[in-house]
Amino acid sequence: MPADKKKNKSNPQWIRRHVTDPYVKAANQHGYRSRAAYKLLEIDAKDQLFKPGAIVIDLGAVPGSWAQVVRERLAGNDGLLKGRVIALDILPMEPLPDVQFIQGDFREDEVAAQLATALGGVKADVILSDMAPNLSGIGLADAVRCAHLCELAIEFAREHLKPSGVLLVKAFQGSGYSQLVELLKRTFVTVTVRKPPASRAESAETYLLARSLKVRD
Ligand SMILES: C[S@@+](CC[C@H](N)C(=O)[O-])C[C@H]1O[C@@H](n2cnc3c(N)ncnc32)[C@H](O)[C@@H]1O
């Protein structure tokens, strides 16, 4: 990922784009913690990811807008949560009602084990990963770190996703991307690339949507 693609919040150009961004305005109006909410809303509008009663894991959850969307999508007519939302991030997160949060580095085995324990012996219906490392601006190093987080999410899904489950992972086009798509195709029955309108066109970010685990030999 080139250095100029790095999010630099002290850059006047970034600030100008941020304050005029319709998704930022909409997020502020609707009380979402970030514009990223709209990426998930747009993918869900197309792909219907969530069913009432679902168990959903949200990896790389901070500041929490995806967890807010999931919480809303799993609400019954009475507004009560039907299902479970378990969110994880390396950073602390402001609590969200009905969202169970685990703070830890997903690259560490103990943290993945903690998440498995939180599932309490059941498998998830949906695993979301919007994880992205702090970018160094050094293309190859960033690509490798991004791809590694995706691979870990896929590995976790192999063990902890229902056979008919859904995995949605953020991946960056570039080095290692085609290998990730191949890994997903070996692991899941269907794999689709999604680039929701809320994901900036100039960003290498895409989302890979995988459904139904293949039976392992
Ligand atoms: C783009 S943000 C996620 C935004 C979130 N989906 C939302 O809607 O609010 C990416 C997140 O991935 C987290 N992350 C990066 N590396 C991680 C790791 N190794 N373990 C857990 N979380 C990680 C970052 O701390 C960051 O909060």
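User: How do the residues of the shell around the ligand divide into nonpolar, polar and charged?

Analyst: Good place to start! We are looking at a predicted model, where local features need pLDDT of at least 70, side-chain atom pairs count only at pLDDT 80 or more, and totals for chains, interfaces and linings use all residues. Ala, Val, Leu, Ile, Met, Phe, Trp, Tyr, Cys and Pro count as nonpolar, Asp, Glu, Lys and Arg as charged, and the others, Gly among them, as polar. By that sorting, the shell divides into 14 nonpolar, four polar and five charged residues.

User: How many residues surround the ligand, and which elements give two or more of them to the shell?

Analyst: A residue is near the ligand if its C-beta atom, placed from the backbone, lies within 6 Å of it. The ligand is surrounded by 23 residues, and the closest are Gly60, Val62, Ser65, Phe106 and Asp130. Helices (H or I, at least four residues) and strands (E, at least two) are DSSP runs, numbered from the N terminus. The elements that give two or more residues to the shell are helix H4 (65–73) and strand E2 (84–89).

User: How many residues of E2 are buried?

Analyst: A residue is buried if 20 or more other C-beta atoms lie within 10 Å of its own, exposed if 12 or fewer, and partly exposed in between, with C-beta atoms placed from the backbone. Arg84, Ile86 and Leu88 point one way from E2, while Val85, Ala87 and Asp89 point the other way, and all are buried. E2 is therefore mostly covered, and its buried residues number six of six.

User: In what order do the strands of the sheet stand, and which strands are at the edges?

Analyst: Two strands pair if DSSP finds at least two bridges between them. The sheet is open, has seven strands with mixed pairing, and follows the order E3-E2-E1-E4-E5-E7-E6. Each edge strand has a single partner, so one side of each is left without a neighbour in the sheet; these edge strands are E3 (99–103) and E6 (188–194).

User: Do E1 and E2 run parallel or antiparallel, and what is the bridge partner of isoleucine 57 in E2?

Analyst: E1 and E2 are joined by five bridges and run parallel. In E2, the bridge partner of isoleucine 57 is isoleucine 86.

User: How many bridges join E6 to E7, and how many join E5 to E7?

Analyst: E6 and strand E7 (residues 205–213) run antiparallel, and six bridges join them. Within E7, valine 191 has alanine 210 as its bridge partner, and valine 193 has leucine 208. On the E5 side, lysine 170 stands opposite tyrosine 207 in E7. Strand E5 (residues 161–172) is also antiparallel to E7, which gives counts of six bridges for E6 and, for E5, seven.

User: Which strands does helix H5 lie across, and at what angle does H5 run to E3?

Analyst: Helix H5 (residues 109–119) lies across E1 (55–59), E2, E3 and E4 (124–129). Axes are lines fitted to C-alpha atoms, for helices over the stretch in contact, and angles run from 0 to 180 degrees between N-to-C directions. The angle of H5 to E3 is about 160°.

User: Is leucine 184 buried or exposed, and what is it in contact with beyond its neighbours within four places in sequence?

Analyst: Leucine 184 sits in helix H7 (residues 177–187). Because 22 other C-beta atoms lie within 10 Å, leucine 184 is buried. Two residues are in contact if their C-beta atoms, placed from the backbone, lie within 7 Å. Leaving aside those neighbours within four places, leucine 184 is in contact with Ile154, Val191, Leu208 and Ala210.

User: Which peptide bond is cis, and what is its omega?

Analyst: Residues are numbered from 1 along each chain as its sequence is written. Proline 63 lies in the loop between E1 and H4. The peptide bond from valine 62 to proline 63 is cis, with omega near 10°.

User: Is glutamine 48 buried or exposed, and what is its phi?

Analyst: Glutamine 48 lies in the loop between helix H3 (37–47) and E1. It is exposed, because 10 other C-beta atoms lie within 10 Å. Although glutamine 48 is not a glycine, its phi is positive, about 45°.
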